[in-house]
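Got your viewer open? Load the model, switch on side chains as sticks, and follow along.

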Amino acid sequence: MFIINGLIMNKLELTVAERIFHFKQPAGTSRGIYLTRRSWMVEAKNPDMPQRVGIGECAPLPKLSCDDLDDYEGILKNICRHVEEEGRLDDDLLLPYPSMRFGLEMALMRLEAGGDVIFDTPFSKGEMGIPINGLVWMGAYDEMLKRMEEKIEDGFRCVKLKIGAIDFESELNLVKIIRNRFGRDDIELRLDANGAFSPLVAMERLEKLAQFDIHSIEQPIRQGQWMEMARICTESPIPIALDEELIGVNSLAEKEELLAVIKPAYIILKPSLHGGFKGTEEWIALAEQRGIGSWITSALESNVGLSAIAQFAAYIYGCPLKMPQGLGTGQLFEDNIQMPLDIVGDKLYYLP
């Protein structure tokens with residue numbers, strides 16, 4: 001089992017610097033359109049080993065992360081001072097700040113490793129790729145259709161379509177177009193509603209979508225409606241995956257209660273939102289005990305975060321990974337940080 005808390009360092013120096021990334025194309029979600037992405041890079045050093053530097057990325061999602069706070073940088077710097085003094089990460093202190101925990105985990109593990117590779121797997125050795133889904137962002141009908149066709153032409157065999165931004169009938173038609181061209185053996189189709197359906201219409205829409213052999217649909221209704229979500233998970237003809245529902249559910253007891261009440265088919269895990277490596281591993285273990293599937297996705301981090309997430313996915317699920325992960329976000333930014341990551345066909349590779 002992976003335990004970041006076992007890492008204790010003396011003479012630790014942590015610095016924080018904000019970084020703004022710019023999307024190549026507007027990224028549309030049900031919560032609006034992203035044009036830029038703010039991250040805070042944590043640099044970890046030990047004066048006794050000046051040749052080593054560990055970089056971590058703290059990247060809360062606006063209006064979504066439970067630690068999307070006005071004074072994010074100030075809180076992060078205070079936590080860094082605490083970590084310097086203690087030489088370790090404090091579970092209780094970091095529990096409300098999952099994106100900060102993730103960035104600090106990355107930075108300290110890279111410092112200890114003396115480089116980017118923090119998990120020893122066939123993926124991090126460049127021997128094996130991770131299957132990923134092709135992501136089609138929300139947008140106008142013609143834009144989404146074009147993006148969908150591009151993903152399939154690029155060789156993706158699993159396509160994730162974000163819905164909820166345009167009228168439902170148009171989105172239903174997009175799904176129909178895919179299935180008219182490609183059967184379920186050719187393309188695995190995942191949907192992400194980002195909570196766009198109301199409980200009153202959710203079942204009707206799920207039944208209409210079900211005729212097109214959908215693998216799963218993420219978060220059909222807004223989070224926080226546990227009993228309604230539990231009912232939908234029981235009655236839905238499409239397997240339900242929880243995403244936003246997991247945000248802010250940070251303690252072990254809360255996680256156990258959520259899974260016991262809602263009983264989803266899948267949970268979707270983003271280390272920046274769900275407690276870093278430690279919190280994500282906890283979710284996976286609890287889900288496996290209950291026969292619930294899972295996969296890992298990035299949360300629009302730069303390549304600094306994406307590299308760490310991909311390495312962790314290969315470690316926690318083992319290579320080769322059977323289920324496509326949501327790790328195709330490294331090509332989103334005009335000014336991304338260069339890392340040895342490359343997408344070939346429908347797989348993400350690490351090329352050391």
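This tour goes through a hairpin, some salt bridges and a set of aromatic contacts.

Before you start clicking, keep in mind that the model is predicted.

**Stop 1: the hairpin**

Select residues 341-344, which make up strand S12, and then add residues 347-350, which are strand S13. The two strands pair in the antiparallel sense, with four bridges between them. Pick out Val 344 and look across to S13: its bridge partner there is Lys 347. Two residues sit between the strands of this hairpin, and Gly 345 takes a positive phi near 65°.

Now show the side chains of S12. Which residues are on its covered face, and which on the uncovered one? Leu 341 and Ile 343 are on the covered face, while Asp 342 and Val 344 are on the uncovered one. As a rule, side chains in a regular strand alternate between the two faces of the sheet.

**Stop 2: salt bridges**

How many salt bridges does the structure hold? The count is 24, and here are a few worth a click.

Go to Arg 110 and Asp 116. Their side chains meet in a salt bridge, 2.7 Å from N to O. Arg 110 and Asp 116 are both buried.

Next, select helix H7, residues 226-235, and centre on Arg 231. Its side chain meets that of Glu 228 in a salt bridge at 2.8 Å, N to O. These two residues are three apart in H7, about one turn of the helix. Arg 231 also forms a salt bridge with Glu 235, where the closest N and O atoms are 3.4 Å apart. That partner is four residues away, again in H7 and about one turn of the helix.

Are these three buried or exposed? Color by relative accessibility and you get something in between:

- Arg 231 comes out at 28%, so it counts as partly exposed.
- Glu 228 has a relative accessible area of 31%, so it is partly exposed.
- Glu 235 is at 46%, so it counts as partly exposed.

For a network, select Asp 91, Arg 101, Glu 105 and Lys 278: salt bridges that share partners join them into one.

**Stop 3: aromatic rings**

Switch to the aromatics; the count comes to 12 aromatic pairs. Put Phe 23 and Tyr 34 on screen. Their ring centres are 6.5 Å apart and the planes are at 15°, so this pair is stacked. The contact links distant parts of the chain, with Phe 23 in strand S1 (residues 13-29) and Tyr 34 in strand S2 (residues 32-45), 11 residues apart. Phe 23 has a relative accessibility of 6%, so it counts as buried. Tyr 34, at 15%, counts as buried too.

Stay on S2 and select Trp 40, then add Tyr 72 in helix H1 (residues 72-86). Here the ring centres are 4.7 Å apart with the planes at 35°, so the pair is tilted. This contact also links distant parts of the chain, the residues being 32 apart. Trp 40 and Tyr 72 are both buried.

Which residues make up an aromatic cluster? Select Phe 102, Phe 119, Phe 277, Phe 312 and Tyr 315 together, and you have one.

**Last stop: a charge over a ring**

Finish at Trp 295. Arg 190 lies over the face of that ring, 4.0 Å from the ring centre.

Terms used. Residues numbered from 1 in each chain as written. Predicted model: local features only at pLDDT ≥ 70, side-chain atom pairs only at ≥ 80, totals over all residues. Heavy atoms only, no water. Buried < 20%, exposed > 50% of the residue type's maximum accessible area, 1.4 Å probe, protein only. Pairing = 2+ DSSP bridges. Salt bridge = Lys/Arg side-chain N within 4 Å of Asp/Glu carboxyl O. Phe/Tyr/Trp six-rings, centres within 6.5 Å; stacked < 30°, edge-to-face > 60°. Lys NZ or Arg CZ within 6 Å of the ring centre and 35° of its normal.
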